[in-house]
Amino acid sequence: MLVQEGIADLTGLWPTEQVEAWNDRLNPLFAAIDDQPRSYVSADQLVETGIFQQVLSEPARRLIASIQPSALLYHFHCYEIAAAQTKPHIQRNRFQGWHRDLETLRDFTRDFPTFVSIFILLSPVGYSDGPFEFAPRSAEAGLRAGGEIVRLEGPVGTAAIWNRSYYHRAAPNRGPRRRRILKISFQPAGLSNPRIGLDEFKAALSNLDDPRLRAFVDPGRLGTTEPLAEVGDPVEARLLLPTERNELTRMSTAFERLYSSGAKLLSSAVAGP
């Protein structure tokens, strides 16, 4: 699914009751920073609360290892987006927020999901609450005006796994409440990963006792093909079918194709051979 469509449904992998319990632990942390347009709770804080360990449960670890045997984390945080917004919080002034993640373009491959993220909704998300939107089959085909999109809406605990090299955006959170989400990103350990050296991952590593969890944040694995110590059958996901169409114009998608081509060349030039 991640190769052909780019996105799949993981709802149910983390029980709703468990996700609600995470919110109870997160509420005081977010309350202290709710004056920020985009507020974060980092990986080390999630380890301290025990959320990190529960998110990377045995089924979740099997899922990740079945996709990328040597997976290393790139993102692991929760964040909130302010309410009453009129533009997306990412790429807000370009193509209504639609983009491919620049750092994924140089090493994008057609037959392997190299750069993968998981979203878990920690607040209910409807049409006006800034839902994540995804354009399936778009990595090479590009954006098309009026093209099909998947919109991630649902109650607390709704979850999806998606390919970061495909076009996606966060719709504007026009609703009356802050939108809260948990994000995980991972990629093969052999690829460049400047984020694994961040203080939040160093602190997470020092506070984790389980070697199976430590492997996900261990910078010593960087540049290797060392597999994770996960065994068993992979977790099955379900197809997320497109339900809407984007509101882009033909002119904007033509400019996006030009921008994406230039960005890929720039990414390759900066990264080097």
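Here are three short exercises on aromatic rings and strand pairing in this predicted model.

**Exercise 1: Classify two ring pairs**

Work out which kind of aromatic pair Phe-119 and Phe-132 form, then do the same for Phe-134 and Tyr-166.

*Solution.* A pair of rings is described by the distance of the centres and the angle of the planes, so let's take those in turn.

Step 1. Centres have to lie within 6.5 Å to pair. Eight aromatic pairs pass that rule here. For Phe-119 and Phe-132 the centres sit 4.9 Å apart, with 80° between the planes. An angle over 60 degrees counts as edge-to-face, and that's the label this pair gets.

Step 2. Where are these two rings? Phe-119 belongs to strand 4 (residues 116-121) and Phe-132 to strand 5 (residues 132-134), so the pair links distant parts of the chain, 13 residues apart. Both Phe-119 and Phe-132 are buried.

Step 3. Now for Phe-134 and Tyr-166: 5.7 Å centre to centre, but just 20° between the planes. Under 30 degrees counts as stacked, and stacked is what we call this one.

Step 4. Phe-134 is in strand 5, while Tyr-166 is in the loop between strand 7 (159-163) and strand 8 (168-170), so their pair ties together parts that are 32 residues apart in sequence. Phe-134 and Tyr-166 are buried too.

Step 5. Put the four rings together, add Trp-162, and you have one aromatic cluster.

**Exercise 2: Look around strand 7**

Find out how covered strand 7 is and which strands pair with it.

*Solution.* Step 1. Go through the residues: five of five in strand 7 are buried. Ala-159, Ile-161 and Asn-163 make up one side, Ala-160 and Trp-162 the other, and both faces are covered.

Step 2. Check the neighbours. Strand 1 (residues 7-9) pairs with strand 7 in the antiparallel sense over three bridges; in that pairing, Ile-7 has Trp-162 as its bridge partner.

Step 3. Strand 4 pairs with strand 7 as well, again antiparallel, over five bridges. Here Ile-118 is bridged to Ile-161.

**Exercise 3: Order a sheet**

Which strands sit at the edges of the open sheet that contains strand 5?

*Solution.* Step 1. Write down the order: four strands, 8-5-6-11, with antiparallel pairing.

Step 2. Strand 8 and strand 11 (244-245) each pair on one side only, so these are the edge strands by their one-sided pairing.

Step 3. Zoom in on one edge: strand 5 and strand 8 pair over three bridges, in the antiparallel sense. Glu-133 has Arg-169 of strand 8 as its bridge partner.

Note on methods. Residues numbered from 1 in each chain as written. Predicted model: local features only at pLDDT ≥ 70, side-chain atom pairs only at ≥ 80, totals over all residues. Heavy atoms only, no water. Phe/Tyr/Trp six-rings, centres within 6.5 Å; stacked < 30°, edge-to-face > 60°. Helix = DSSP H or I, 4+ residues; strand = E, 2+ residues; numbered from the N terminus. Buried < 20%, exposed > 50% of the residue type's maximum accessible area, 1.4 Å probe, protein only. Pairing = 2+ DSSP bridges.
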